Amino acid sequence: MMDLDKIIASLRDGKHIPEETVFRLCLNSQELLMNEGNVTQVDTPVTICGDIHGQLHDLLTLFEKSGGVEKTRYIFLGDFVDRGFYSLESFLLLLCYKLRYPDRITLIRGNHETRQITKVYGFYDEVVRKYGNSNVWRYCCEVFDYLSLGAIINNSIFCVHGGLSPDMTTVDEIRTIDRKQEVPHEGAMCDLLWSDPEDVDTWSLSPRGAGFLFGKREVDQFLEKNNVELIARAHQLVMEGYKEMFDGGLVTVWSAPNYCYRCGNVAAVLKIDDDLNREYTIFEAVQAQNEVGNAIIPTKKSQMDYFL
Amino acid sequence: MERIIQQTDYDALSCKLAAISVGYLPSSGLQRLSVDLSKKYTEWHRSYLITLKKFSRRAFGKVDKAMRSSFPVMNYGTYLRTVGIDAAILEFLVANEKVQVVNLGCGSDLRMLPLLQMFPHLAYVDIDYNESVELKNSILRESEILRTSLGLSKEDTAKSPFLIDQERYKLAACDLNDITETTRLLDVCTKREIPTIVISECLLCYMHNNESQLLINTIMSKFSHGLWISYDPIGGSQPNDRFGAIMQSNLKESRNLEMPTLMTYNSKEKYASRWSAAPNVIVNDMWEIFNAQIPESERKRLRSLQFLDELEELKVMQTHYILMKAQW
Ligand SMILES: C[S@@+](CC[C@H](N)C(=O)[O-])C[C@H]1O[C@@H](n2cnc3c(N)ncnc32)[C@H](O)[C@@H]1O
């Protein structure tokens, strides 16, 4: 048996986790996730969280501001990895919590939880930098394939990373997807992870190159057909942390403050109580340095984040 | 400080090489390149990088590494910056028979190569700090395809301040903070009556207010007709816009780099106010340019290259970079 509490403590400190430990964590997580459906049932009260993107210290703030996993139930809407400096630690921390408190945390797959995207957006490089090889990245990608595609809270709130798909308009259809694979470039599974709400009259092509844009009409139809009152999703940076659209029928929740250490946005989580009331908590990014001036976030990164 | 500023050229170069290696650039349509020139565009840049290795392994290592880890959001921005400036240049070149271009703070920019081939009446002057143009000169003369494209000899015979002194292409060393030196240089290598394009692509942001304003005023009064094309970041002017402040502190902390006027000229309008002597000034942020000037066929091409993971981030970044065109 693994000492999860000890691993959790190491992860919170940003310490190196041996490859063998990661391997076992990933294997155990797969076994656990395998038995979950594509759309997990979750009870209130629950806190919905958006994109994390490897911003470990901000993830710690998130837990601190929202009660912590010991006391609160959470749904994470995906995009745990890529872009930030601590993708691995952030993802593993969430996996450890999942193993330690299985029914207090639900993890949904985001469009970044794929082999192809993580090779472009930083997670792969981070692992190679930290381990000298890509094994740990491969173990994590195996877990990605088992993450569920959505969640449903009290049969009333549908949670997904990106949005809707023209190919599948009911939750029951989504339950039939064979999800245990790399995210395809098109089709319902791809759309759920990539699509965005927009002021459009009908399904339109997405400027991201994958998924669709959908409007109020598509959302209203989905809500009615599935007898739910809200679609909660993440996937898009919102400078104010969250944004409700379509008369409150859809909300975007974004949980990575000062995204990529330069966007200047605040972050939010959304708590749903037993009466399905919505309560947003806003939080800011951690300081780049601690009280004694030591860097918490490595700023000496040679990445060309600005156009110079 | 000068060294730190000079090194920003490696960033600009890495970004451009990354955009080329993934296929964002060249844009044969917007850069009006023939099939042959499109091919050469890629080869010239590749050769520049490979030759850089001979002169500075450190710089090469830095550029090569940065080039390989460039995110799509950066590639989009580099694409917009490059085609935005090129489109403005081309418009003026097509409308005027004989033109001279003065590229201030040219760094490793190679846009003179296709332009000189496309426009036989064009004369082109590249200006940067001595250290920067020395490196550029060495590379241009060492690489065979760069050398032949310009018709250069391997040996260096030009006299200071010129490192290359051809009829149509000149590469000159000058500190643009020194207005006397700058004026003297322009006196010998440009003509007042010829319609002139002045380019400042990420140059003014590193200068102090007085120096940059003096440079603008002096150059504008020097040429009877001209088009000034300037690309720079702006800090942002909305009450809760923190982009500029975060940018200043990130650059300061990570590399001790300063952008003295980022918050002074924090909006498009304020930025453009420095050219108020010109009768015709147009300024757009790069997000506007993306939405209004990039045709759907191009956007489709870009979408096919890489998945863009975050459109809002692109918007946040691109609304903080502007392209200003002042015609007089
Ligand atoms: C970010 S680079 C841009 C290079 C090129 N314009 C481009 O966009 O690819 C800035 C360049 O401006 C040059 N520069 C900055 N201040 C200068 C000055 N006072 N005199 C001459 N060159 C200067 C630097 O040496 C550097 O090559």
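**Entry 1: a loop in chain A**

I began with A:Asn111, which I found in the loop between strand E4 (105-107) and helix H5 (115-121) of chain A. The model I am reading is predicted. I then looked up the record for this residue: UniProt lists A:Asn111 under "binding site", together with A:Asp79, A:His161 and A:His235. These positions are spread over 157 residues of sequence, yet they cluster in space, with a largest C-alpha distance of 8.1 Å. I note that the label "binding site" is taken from UniProt, and that such annotations may be inferred rather than shown by experiment.

**Entry 2: the record for chain B**

I looked up chain B in the same way. In an unreviewed entry, UniProt places "binding site" at B:Arg81, B:Gly105, B:Asp175, B:Leu176 and B:Glu201. They span 121 residues of sequence and are also spread in space, up to 24.2 Å between C-alpha atoms. I traced one of them, B:Gly105, to the loop between strand E1 (99-104) and H5 of chain B.

**Entry 3: the ligand**

Next I asked which residues are closest to the ligand. I found 21 residues around the ligand, and the closest are B:Arg81, B:Gly105, B:Asp128, B:Leu176 and B:Glu201. The surrounding residues come from chains A and B, so I wrote the site down as shared between chains. Helix H1 (residues 2-22) of chain B gives the most to this shell, with 5 residues. Sorted by class, the shell has 10 nonpolar, 6 polar and 5 charged residues.

I then went through the polar contacts of the ligand.

- I found an oxygen atom of the ligand 2.6 Å from an N or O atom in the side chain of B:Asp128.
- I found a nitrogen atom of the ligand 3.1 Å from an N or O atom in the side chain of B:Asp175.
- For B:Leu176 the partner is in the backbone: a nitrogen atom of the ligand is 2.9 Å from a polar backbone atom of this residue.

I also looked up how much of the ligand is covered. On its own the ligand has 590 Å² of accessible area, and the protein covers 99% of that.

**Entry 4: the largest pocket**

I turned to the open spaces. The largest pocket has a volume of about 1200 Å³. I counted on a long list here: the lining has 47 residues, and A:Met239, B:Glu312, B:Lys315, B:Val316 and B:Thr319 lie nearest the centre of the pocket. Several elements each supply at least two lining residues, among them strand E7 (196-197) and strand E11 (242-245) of chain A and helix H12 (286-293) of chain B. Which helix gives the most to the lining? I found that H14(B) does, with 4 residues. The lining divides into 17 nonpolar, 14 polar and 16 charged residues.

**Entry 5: the cavities**

Last I looked at the closed spaces. How many cavities of 30 Å³ or more does the structure hold? I found 5 of them. The largest cavity has a volume of about 70 Å³. Its lining consists of B:Gln31, B:Leu33, B:Tyr41, B:Asp86, B:Leu90, B:Arg111, B:Pro114, B:Leu115 and B:Met118. Helix H4 (72-95) and helix H5 (112-118) of chain B each supply at least two of these residues, and H5(B) has the largest share, 3 residues. By class I noted 6 nonpolar, 1 polar and 2 charged residues in this lining.

Methods:
Residues numbered from 1 in each chain as written. Chains lettered and ligands numbered in written order. Predicted model: local features only at pLDDT ≥ 70, side-chain atom pairs only at ≥ 80, totals over all residues. Heavy atoms only, no water. Near = heavy atom within 4 Å. Polar contact = N/O pair within 3.5 Å; in protein donor to acceptor, adjacent residues only side chain to side chain. Areas by Shrake-Rupley, 256 points an atom, 1.4 Å probe, with all protein chains shown as cover. Nonpolar A, V, L, I, M, F, W, Y, C, P; charged D, E, K, R; others polar. 1 Å grid on protein atoms, 1.4 Å probe; cavity = no way out; pocket = protein on both sides within 12 Å on 5 of 7 lines; lining within 4 Å. Points joined across faces, edges and corners; volume = space filled by probe spheres on them.
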